Amino acid sequence: MPLTINFMNTKTHLALAFALVFSFFAPSSIADEKPETIALEYAPGPINNPLKGLVPYASDSNVHFPHAMEFQYLGLAALMTGYDTFDWKPMETLLNSVASRGHQTIFRIYLEYPSKTNTIPKFLIDDGLKVHKYLNTNTQPLPPATVETPDYEDPNLRKALQNFIIALGAKYDGDPRIGFITAGLLGTWGEWHTYPKSELFASKTVQSEVMDAYRNAFKVTPVLLRYPAGDDVWGKAPNAQLPFGYHDDSFAWATLDTGKQQDDWFYMPSLKKAGPAAIDKWKRHPIGGEIRPEAWGKVFDANPGDPRIQDFRKCVDATHASWLMDTGMFQRKPTEERKRRAELEVRRLGYEFHLSSITHSIHKGTLSLQIELHNRGVAPFYYDWKPTYGILSEGKLIKTIPSTGQLSGLLPGDTPRIWRDQSEVSDLPKGTYTIALRISNPLSNGLPIRFANKSQDQDLDGWVSLATFALRP
């Protein structure tokens with residue numbers, strides 16, 4: 001009998017064989033998931049979010065109130081040994097000490113400080129710098145103290161100040177250990193005045209030289225000035241149009257407009273006098289300051305006990321402040337009532353970010369994400385910190401996805417900002433996953449930004465959980 005071959009069966013068998021081989025080596029397909037939108041519940045953000053809140057003097061003993069930054073003064077003489085030579089050890093010691101606690105530093109360099117000596121670099125005095133020594137009576141609530149004020153018009157001092165700022169910027173601009181810099185260098189405590197001897201303060205020309213040096217030296221780290229000034233302010237060089245923030249160092253004492261002529265130097269009247277650019281400064285540049293020492297701690301009480309203490313909430317709303325130095329909540333343990341009221345008010349400083357919804361879907365192995373971001377605080381965030389999505393499985397991070405989203409510049413009351421991102425997830429095994437988000441602090445052990453969401457830290461510390469999705473073959 002002749003041999004008969006069934007070509008149809010042979011072709012079928014070969015096709016089946018090829019299909020099995022292909023399916024074995026090809027990546028597994030993932031079933032599509034239709035878009036799903038989930039509302040995300042609000043909950044108050046933490047008091048110690050980075051780059052905002054109350055700020056104590058730098059110390060490891062400030063344990064009585066949550067905080068994310070620490071402040072310190074440094075004398076110029078400790079850092080500058082010659083016109084072009086510097087000793088950065090005191091600065092490094094400060095920054096490293098504060099960073100070891102996961103905090104960022106705010107600092108100010110000064111030339112004169114009541115009761116302190118040897119704060120002016122010796123090489124300048126050796127070169128003939130004139131120094132005025134007198135009893136400063138503007139030291140409340142401390143007693144009068146001797147102060148040494150240099151001749152700010154001295155050409156050698158002016159050259160030294162510009163050289164120092166250039167070197168400071170080259171060394172520290174963008175350093176993640178630093179939160180903000182208050183300009184300092186001029187005036188008592190570096191506060192840009194020598195009251196009551198105002199005739200000894202730096203001229204507008206010298207002030208402008210210092211501001212120009214800071215503007216050229218610092219492009220990332222924000223620098224803050226003490227006083228708003230327009231084009232026609234006695235004794236103050238104009239700064240409203242310059243890229244600096246402000247710090248109100250008599251906060252809740254000389255902040256709000258009282259309508260009295262003798263109080264026209266208060267912060268809000270000065271701001272208004274400086275014009276629209278100064279009034280809107282907070283939208284691009286940070287506002288900080290110090291609660292006036294006479295109001296430390298008391299400002300948070302229902303009855304502060306001194307009629308000169310201004311309403312804290314009204315001051316925050318008017319100034320859009322992000323941070324405030326304070327000793328009253330740190331030097332000793334506050335009462336529970338004072339702490340409760342302080343927590344309520346301090347939380348309102350700066351930004352508060354709330355993620356109100358997420359929409360997610362999967363198509364051909366690609367996860368698409370859209371989230372809606374609100375700022376419920378009084379000020380924007382001033383740095384360009386990068387968000388990262390995380391894919392969690394049983395509380396463990398198994399994949400990160402860089403986000404194109406931006407935090408900086410989102411103003412309170414603005415239309416919510418929409419972030420849209422995509423990522424391949426076909427490399428993940430089948431299962432159920434949680435989508436999370438984190439804003440990491442560039443300081444390696446620094447606090448991450450935590451959102452005003454109930455699901456913050458729900459599945460993994462430092463991450464806000466947003467939604468779950470399933471990968472099915």
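## Helices and strands in this model

Helices (H or I, at least four residues) and strands (E, at least two) are DSSP runs, numbered from the N terminus. With these labels, His 320 can be placed in the loop between helix H8 and strand E13, the latter covering residues 323-325. The structure discussed here is a predicted model.

## Helix H2 and its two sides

Helix H2 runs over residues 89-99, and Met 91, Leu 94, Leu 95, Val 98 and Ala 99 within this helix are buried. These residues lie on the same side of H2, because they cover an arc of only 125° around the axis. Lys 89 and Thr 93, in contrast, sit on the other side of H2, where they are exposed.

The buried residues of H2 pack against four elements: strand E3 (69-75), strand E6 (104-110), helix H4 (155-172) and strand E9 (178-182).

## The loop between E9 and H5

Strand E9 is also one end of a loop that leads to helix H5 (204-217), and Pro 196 lies in this loop. The peptide bond that joins Tyr 195 and Pro 196 is cis, with an omega of about 10°.

Trp 189 is found in the loop between E9 and H5 as well. Although Trp 189 is not a glycine, this residue has a positive phi of about 60°. Trp 189 has a relative accessible area of 15%, and therefore counts as buried, since the cut-off for that class is under 20%.

## The loop between E7 and E8

A cis peptide bond is also present from Gln 140 to Pro 141, where omega is near 5°. Pro 141 belongs to the loop that connects strand E7, residues 131-136, with strand E8, residues 145-150.

## Loops on either side of H8

Pro 293 is placed in the loop between strand E12 (287-291) and helix H8 (312-319). Its relative accessibility is 26%, so Pro 293 counts as partly exposed. From C-alpha to C-alpha, Pro 293 and Glu 209 are 31 Å apart in space, while 84 residues separate them in sequence.

His 320, in the loop between H8 and E13, is a residue other than glycine whose phi is positive, with a value near 60°. The relative accessibility of His 320 is 18%, and for that reason this residue is counted as buried.

Key:
Residues numbered from 1 in each chain as written. Predicted model: local features only at pLDDT ≥ 70, side-chain atom pairs only at ≥ 80, totals over all residues. Heavy atoms only, no water. Buried < 20%, exposed > 50% of the residue type's maximum accessible area, 1.4 Å probe, protein only. Arc of directions from axis to C-beta. Contact = heavy atoms within 4.5 Å.
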